[in-house]
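These are my notebook entries on one chain. I began with its charged pairs and then turned to its overall make-up.

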Amino acid sequence: MNATAAVDFDDTDGLLAADRDALLRSASMAGAQARATAAALAEGELEPLRSDEPARSVIWVAGRGTAETAGSLLAAALGGKLAAPFVLASDVPPAIGALDVLVVAGDDPGDPALVAAAATGVRRGARVIVVAPYEGPLRDATAGRSVALPPRLWVPDDFGLTRYLAAGLATLHTVDPHFSVDLDAMADELDAEAFRNSAGRELFTNPAKTLADRIIDREVILAGDNAATLALARHGAAVMLRLAHRTVAAVGLADALVALRGGMGARSEASVFHDEEIDGPLPPRVRTVVLTADAERAVVSARVRGLDDVDIVTAEDVPDPAETPATAGDRRLEQQLAMLAVRLEMTAVYLRLVRG
């Protein structure tokens with residue numbers, strides 16, 4: 001057992017007993033959230049968004065937390081692949097009109113910014129979808145003039161990223177004739193990721209437990225090698241703070257490499273000659289976790305070659321090769337990001353639970 005852990009990572013009963021807030025259950029519901037959105041799409045809930053006229057732009061106005069993060073992930077992963085620009089905005093642009101699609105996403109139906117954005121969108125004739133609880137001022141401002149996609153399954157906002165991602169993908173599937181998504185297949189992958197990280201799986205076959213064990217006594221840097229994985233790193237830092245009560249830095253890989261080859265590298269070398277009786281205790285060592293897409297792993301590995309205390313994490317990091325899905329090499333980037341988000345969330349939960 002790690003010196004800072006009150007509960008062992010492989011003590012299933014101890015972990016479940018410590019999970020008084022059912023965090024593991026919430027973290028494992030990502031697949032169910034995606035499947036609920038898939039059901040709404042199949043039932044035709046988003047059909048009013050469809051039009052013979054191509055969308056001029058898709059505008060994502062979000063509240064705080066995971067709704068905003070989901071927009072950043074979608075813009076970074078898909079922005080260059082869509083027929084219309086995908087725009088992140090804190091408010092509705094003045095030029096919005098009937099050719100635009102407006103996504104209003106958040107967890108507070110009384111948020112004045114969301115209510116104002118939705119009201120402006122419907123007043124100017126945009127196609128508006130409300131990805132939020134459809135009640136209160138938000139419903140009053142848009143009733144009968146928008147598509148409502150409220151949560152069908154409740155989870156704490158810490159674990160709501162998948163719902164917003166799925167809603168964004170469903171919206172793009174509806175309004176962009178050149179974009180399609182299989183949310184049921186994505187849900188299956190997320191269920192498989194959650195199962196691999198479940199409390200009953202031993203540490204050496206459990207990616208989330210393995211990552212938690214490697215960073216539990218360390219200062220941690222989460223690094224992304226592009227805009228999409230940097231947004232994911234920031235989500236990871238947020239859930240580490242909110243769930244594990246750990247302060248974690250989220251930076252671009254280039255910034256992490258400068259530090260690793262500079263001050264942090266020098267500190268590691270100096271530790272060889274360190275005498276605690278003379279120099280005092282060393283500060284905690286730094287573990288850098290690089291989040292990357294499956295296709296970029298070889299390039300990232302070359303960039304960090306020769307550096308100590310660096311872990312590369314991808315969606316394909318499955319300890320048992322027999323459990324790797326046959327289509328793993330065909331996973332799209334947004335699906336990989338969703339899987340890694342689940343892993344980071346479950347890692348944060350384990351870091352919290354092992355404290356007892």
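Entry 1, salt bridges. I searched the whole structure, which is a predicted model, and found 18 salt bridges. I then examined several of the pairs in turn.

Entry 2, Glu43 and Arg152. I looked up this pair and found a salt bridge whose closest N and O atoms are 2.9 Å apart. I placed Glu43 in the loop between helix H3 (30-42) and strand S1 (57-62), and Arg152 in the loop between strand S5 (147-148) and H7; the pair therefore ties together parts that are 109 residues apart in sequence. I also checked the accessibility of Arg152: at 43% relative accessibility, Arg152 counts as partly exposed.

Entry 3, Arg50 and Glu47. Here too I recorded a salt bridge, with 2.9 Å between the closest N and O atoms. Arg50 has a relative accessible area of 42% and is partly exposed. Glu47 is likewise partly exposed, with a relative accessible area of 38%.

Entry 4, Arg287 and Asp311. I noted a salt bridge between Arg287 and Asp311, with the closest N and O atoms 3.7 Å apart. Arg287 belongs to strand S8 (residues 286-291) and Asp311 to strand S9 (residues 310-313), so I recorded a link between distant parts of the chain, 24 residues apart. Are the two residues buried or exposed? I found Arg287 buried, and Asp311 buried as well.

Entry 5, a network. I found that Arg35, Asp188 and Asp191 are linked by salt bridges into a network.

Entry 6, helix H7. I turned next to the helix that follows the loop holding Arg152. H7 covers residues 161-175, which is 15 residues. From its first C-alpha to its last I noted a reach of 21 Å, close to the 21 Å expected at 1.5 Å a residue. How many residues of H7 are buried? I counted 14 of the 15 as buried, so H7 is largely enclosed by the rest of the structure.

Entry 7, the chain as a whole. I listed 15 helices and nine strands in the chain. The chain has 356 residues, and buried residues make up 54% of them. For contacts between residues at least 6 apart in sequence, I noted that 75% join residues at least 24 apart. Lastly, I recorded the exposed area of the chain as about 15300 Å², of which carbon and sulfur atoms supply 53%.

Conventions: Residues are numbered from 1 along each chain as its sequence is written. This is a predicted model: local features need pLDDT of at least 70, side-chain atom pairs count only at pLDDT 80 or more; totals for chains, interfaces and linings use all residues. Side-chain values use heavy atoms; hydrogens and water are left out. Helices (H or I, at least four residues) and strands (E, at least two) are DSSP runs, numbered from the N terminus. The expected span of a helix is 1.5 Å times one less than its number of residues. Buried means under 20% relative accessible area, exposed over 50%, partly exposed in between (1.4 Å probe, protein chains only). A salt bridge is a side-chain nitrogen of Lys or Arg within 4 Å of a carboxyl oxygen of Asp or Glu. Contact means heavy atoms within 4.5 Å. Accessible areas come from the Shrake-Rupley method with a 1.4 Å probe; for residues, only the protein chains shown count as cover.
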